[in-house]
Amino acid sequence: MRVPGPSDDDRRRAGLCAECACAKRVPSANGPVYFLCERSATDPSYPKYPQLPVLRCAGYQAEQARPLH
Ligand code: SF4
């Protein structure tokens, strides 16, 4: 079983973050979805919550299909 990929809306809003292995999708209680950049934990040049959409990023890493555990 696989985790569903990003929605078309995520891709439009978030750009590269929608499909980056370093991004964590964070839904909020009142609707908007945020994308947390996990690279920010070890590299201060990456903001924790990047300004979207991210159209260019040296840290972008294509996400592999992730199995559900
Ligand atoms: S590395 Fe770049 S593309 Fe990936 S989550 Fe962080 S800001 Fe987004």
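This briefing walks through the fold, the strand pair, the core, the ligand surroundings and a few single residues of the structure above. The model is a predicted one, and its protein chain averages a pLDDT of 90, with 88% of the residues scoring at least 70. The protein chain contains 1 helix and 2 strands, which follow the order α-β-β from the N terminus. Keep the structure open as you read, and try finding each residue as it comes up.

**The overall picture**

- The protein chain has 69 residues, and 16% of them are buried.
- Contacts between residues 24 or more positions apart make up 47% of the contacts in the protein chain with a separation of 6 or more.
- Among the elements of the protein chain, helix α1, which covers residues 8-14, has the lowest mean pLDDT at 93, while β2 has the highest at 95.

**The two strands**

- Strand β1 spans residues 23-27 and strand β2 spans residues 33-37; the two pair in the antiparallel sense over 5 bridges.
- To trace the pairing yourself, start at lysine 24, whose bridge partner in β2 is leucine 36.
- Next, look at arginine 25, which stands opposite phenylalanine 35 in β2.
- In a regular strand, side chains alternate between the two faces of the sheet.
- The hairpin of β1 and β2 has 5 residues between the strands, and there glycine 31 takes a positive phi near 125°.
- Most residues other than glycine have a negative phi.

**Valine 33, a residue of β2**

- Valine 33 sits in strand β2, and it counts as partly exposed because it has 16 C-beta neighbours inside 10 Å.
- Leaving out residues up to four places away in sequence, valine 33 touches Asp10, Arg25, Val26, Pro27 and Ser28.
- Aspartate 10 is 23 residues from valine 33 in sequence, yet their C-alpha atoms are 8.3 Å apart in space.

**The nonpolar core**

- Which residues form the largest nonpolar core? There are 9 of them: Ala14, Leu16, Cys17, Ala18, Cys20, Cys22, Ala23, Phe35 and Cys37.
- Phenylalanine 35, a member of this core, touches Ala14, Cys17, Ala23, Arg25, Pro50 and Leu52, not counting residues up to four places away in sequence.

**Around the ligand**

- There are 13 residues around the ligand, and those that come nearest are Cys17, Cys20, Cys37, Cys57 and Gly59.
- How do the residues of this shell divide into nonpolar, polar and charged? The split is 11 nonpolar, 1 polar and 1 charged.
- Cys17, Cys20 and Cys37 also belong to the largest nonpolar core.

**The segment after β2**

- Serine 40 is found in the segment after β2; it has 16 C-beta neighbours inside 10 Å and therefore counts as partly exposed.
- Apart from its neighbours within four places in sequence, serine 40 is in contact with Tyr46, Pro47 and Lys48.
- Serine 40 and proline 50 are 10 residues apart along the chain, and 9.5 Å separates their C-alpha atoms.
- Proline 53 also lies in the segment after β2, and the peptide bond that leads to proline 53 from leucine 52 is cis, with omega near 0°.
- Most peptide bonds are trans.
- Arginine 56 is another residue in the segment after β2. Is arginine 56 buried or exposed? It counts as exposed, because it has 7 C-beta neighbours inside 10 Å and the cut-off for exposed is 12 or fewer.
- Measuring from C-alpha to C-alpha in the model, arginine 56 and leucine 16 are 7.2 Å apart, although their positions lie 40 residues apart in sequence numbering.

**The segment before α1**

- Glycine 5 has its place in the segment before α1.
- With 12 C-beta neighbours inside 10 Å, glycine 5 counts as exposed, because the cut-off is 12 or fewer.
- Glycine 5 and glutamate 63 are 58 residues apart in sequence, and their C-alpha atoms are 9.4 Å apart in space.

Notes. Residues numbered from 1 in each chain as written. Predicted model: local features only at pLDDT ≥ 70, side-chain atom pairs only at ≥ 80, totals over all residues. Near = placed C-beta within 6 Å. Nonpolar A, V, L, I, M, F, W, Y, C, P; charged D, E, K, R; others polar. Helix = DSSP H or I, 4+ residues; strand = E, 2+ residues; numbered from the N terminus. Buried ≥ 20, exposed ≤ 12 C-beta atoms within 10 Å, placed from the backbone. Contact = placed C-beta atoms within 7 Å. Pairing = 2+ DSSP bridges. Core = buried A, V, L, I, M, F, W, Y, C linked by C-beta atoms within 7 Å. pLDDT = per-residue confidence, 0-100.
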